[in-house]
Amino acid sequence: MSGAKRDFLSISLGFDDDQKETRKRQSVWRVWKRLSSLQRSVICLILVLGGLSALYILPAIHHGNRLSGDDSKSSKDKRQAVDSISHNADNGGEFFQDKILGQGNNDNQQIQAPQPGLPKLNKHDDLKRVAKQQINEYNKRLQKQRRPGMKPPLQPKHVVDRPPNGGGEENQPEKGADPDFNVDQHVVPPYDYFNQDGKRTDRQEAVVDAFRYAWKAYKKYAWGHDEFHPITRTHSEWFGVGLTIVDSLDTLVIMGLKPEFDDAREWVATELTFEKDKDVNLFEITIRVLGGLLATYHLTGDDLFKEKATDLGNRLLPCFNSPSNVPFSDVNLMTSRAHAPRWGPDSSTSEVTTIQIEFRDLSRVTKDDKYEKAVMAVSNHIHSLPKKDGLVPIFVNANTGSFRGTSTITFGARGDSYYEYLLKQWIQTGKTMNMFKDDFVNAIDGVKKHLLRESSPSKLLYLGELLGGRTFSPKMDHLVCYLPGTMALGYKNGLPSDHFDIAKRLTETCYQMYARMPTKLSPEIVYFSQAAQSKEDLIVKAPDAHNLLRPETVESLFYMYRLTGDKKYQEMGWNIFQAFLKHTKVENGGFSSIHNVKAIKATFRDKLESFFLAETLKYLYLLFGDDDSLIPLDKFVFNSEAHPLPIYSS
């Protein structure tokens, strides 16, 4: 062995160069020379392995010493927090997610999770990710065991950060791996709809009593049929799908009526089928039945309603196979044959533009974009058509795709919900699709320019119509009374302040349409006086004097109260509700529309509209409550039939 190698060996064995140690080194060298080559190899291998081990052991000891100080307390707290996730999830209990997700993260900590299957935490995997994973696993287990009335799945609490420039919305949710299907879940705990004891106000209890009164009569005389006739105690069919039951499902949930809901769910599970040789109107069955099924699925998490909604959505898709991007108005549920209405070649503008919220939600629920693509093609087409300062005629041809240029412009029948769904689609999509917002703002500008007037002598603000798209008429449908609530909702979502000013005045006008009638109920249509010397603001013609138990005014009262907290809107709603009880309640059971709101003794039309249960009583119930966590307006958007559907992040 060369001298250089000997020197290296001496150094590597840790001996110094002092003279008095020379003899010892020589002794070691003689021992080494006597070893066999195999023994030398084993010793070298042991030394190498020892050196490598030291490289790993020393940093670990150092890291452990750091954890034994102040950081160890934080580590223990986080272990307990992770423990609480598994414990609460396994027991199905509620827990405060902010205690888990609000913890800070130490990049140098490494925590062994105590629960089986829970991954180890390090500086690349923080507690927020693990908490969400545990919640998702719990939701999967819960979904397999869900029954009506169970609490909705747990939702992760999102971390909210302002954008670097300080702008934007404060409640923007985190984006997931697939943001197109992320529900915009704000920090609101799951609502226990079937446990509202002590939460209802006295006025809400009165509304529940009215609902039960109508429901009991319907169940006794018309169960499973579309519509109930309370005077003759008979029933009739429209679609043949138990319309009153399906339209009322989410009302039963929201009011917390568990026994009634269980009966309705059982009927849906065993009796509801869409295999019907029946022509149905695309718009009506979408807002009432598809919307009702989807809303009930979201409120309960029960897959039964999702499955029924998907079946119906598939049967409605043939309507979109038209020569243009405008769908046909009707389709046969069994044969899938779609066609224009019997009365002519045109579809109503409101009907073809008031299906988007429901079909988009169906795509998000099923993760199949074919439904949303179908309705977006309609929206894009209508968006591209020429308009009168944002205002649209009420008829559009499914073959040519063009508006009927000489048709009326109105916010009443056949035009109303086109404008409603512009705003609500923008909100539903997390305010990301500005095409809808821009079209809504343009339309309100057109309203201010062409349709807004004041009556004489009281200067009530109202919306008229443009007959033939040109000639002003002081006619206003009760249907228009949805608009003030919609405009107030738009203002609360950042639209111009004059929208809210208009909303307040229109709400007052709509209430006066009730208050100035002998029955305190609004007629279907009102004409406003324009004569300078007039003594009455409202003119009601005989054919327009009926009341159909419509919801639009109480809908706007609900929005105005929920958004302002002004109790005068509750008082207005209470007066309307008392008038319903006095003049539309049937002695034999149920409620009925009436012929003439100007007659002191009203006569019945013998029909309980499904929207009285689905919309009117629902909005009254929400109006009389003081619990904003019951269908919060930052989490849900109501469709045109008052079925609440989730707001999405995109």
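Two strands pair if DSSP finds at least two bridges between them. The exercises below apply this to a predicted model.

**Exercise 1.** State how many helices and strands the protein has, and what share of its residues is buried.

Solution. Step 1: the protein holds 21 helices and 16 strands. Step 2: of its 650 residues, 53% count as buried. Step 3: turn to the contacts between residues at least 6 apart in sequence; 67% of these join residues at least 24 apart.

**Exercise 2.** Work out the strand order of the sheet that contains β12, β13 and β14, and find which strands stand at its edges.

Solution. Step 1: β12 pairs with strand β13 (residues 525-528) in the antiparallel sense, over 3 bridges. Within this sheet, Met476 stands opposite Val526 of β13. Step 2: β13 and β14 also run antiparallel, joined by 2 bridges. Here Tyr527 has Ile539 of β14 as its bridge partner. Step 3: the order is therefore β12-β13-β14 in an open sheet of 3 strands, with β12 (475-477) and β14 (538-539) at the edges. Each edge strand has a single partner, so one side of each lacks a neighbour in the sheet.

**Exercise 3.** Decide whether the residues on the two faces of β13 are buried or exposed.

Solution. Step 1: sort the residues by side; Ile525 and Tyr527 lie on one side, Val526 and Phe528 on the other. Step 2: apply the cut-off, by which buried means under 20% relative accessible area. Step 3: all four residues, Ile525, Tyr527, Val526 and Phe528, are buried, and both faces of β13 are covered.

**Exercise 4.** Find which strands of the sheet α18 touches, and the angle its direction makes with that of β13.

Solution. Step 1: α18 packs on the sheet and touches β12, β13 and β14. Step 2: the direction of α18 makes about 110° with that of β13.

**Exercise 5.** Describe how α18 and α19 pack, and classify the angle between them.

Solution. Step 1: helix α18 (residues 497-515) and helix α19 (residues 552-564) pack at about 135°, their axes 10 Å apart. Step 2: angles over 145 degrees count as roughly antiparallel, and 65 to 115 as roughly perpendicular, with oblique for the rest once those under 35 are set aside as roughly parallel. Step 3: α18 and α19 are therefore oblique to each other. Step 4: their crossing is left-handed. Step 5: α18 contributes Phe500, Ala503, Lys504, Thr507, Cys510, Tyr511 and Tyr514 to the contact, while α19 contributes Thr553, Leu557, Met560 and Thr564. Step 6: these contact residues divide into 7 nonpolar, 3 polar and 1 charged.

Terms used: Residues are numbered from 1 along each chain as its sequence is written. This is a predicted model: local features need pLDDT of at least 70, side-chain atom pairs count only at pLDDT 80 or more; totals for chains, interfaces and linings use all residues. Side-chain values use heavy atoms; hydrogens and water are left out. Axes are lines fitted to C-alpha atoms, for helices over the stretch in contact, and angles run from 0 to 180 degrees between N-to-C directions. A crossing is left-handed if the near helix is turned anticlockwise from the far one by less than a right angle, and right-handed if clockwise. Contact means heavy atoms within 4.5 Å. Ala, Val, Leu, Ile, Met, Phe, Trp, Tyr, Cys and Pro count as nonpolar, Asp, Glu, Lys and Arg as charged, and the others, Gly among them, as polar. Buried means under 20% relative accessible area, exposed over 50%, partly exposed in between (1.4 Å probe, protein chains only).
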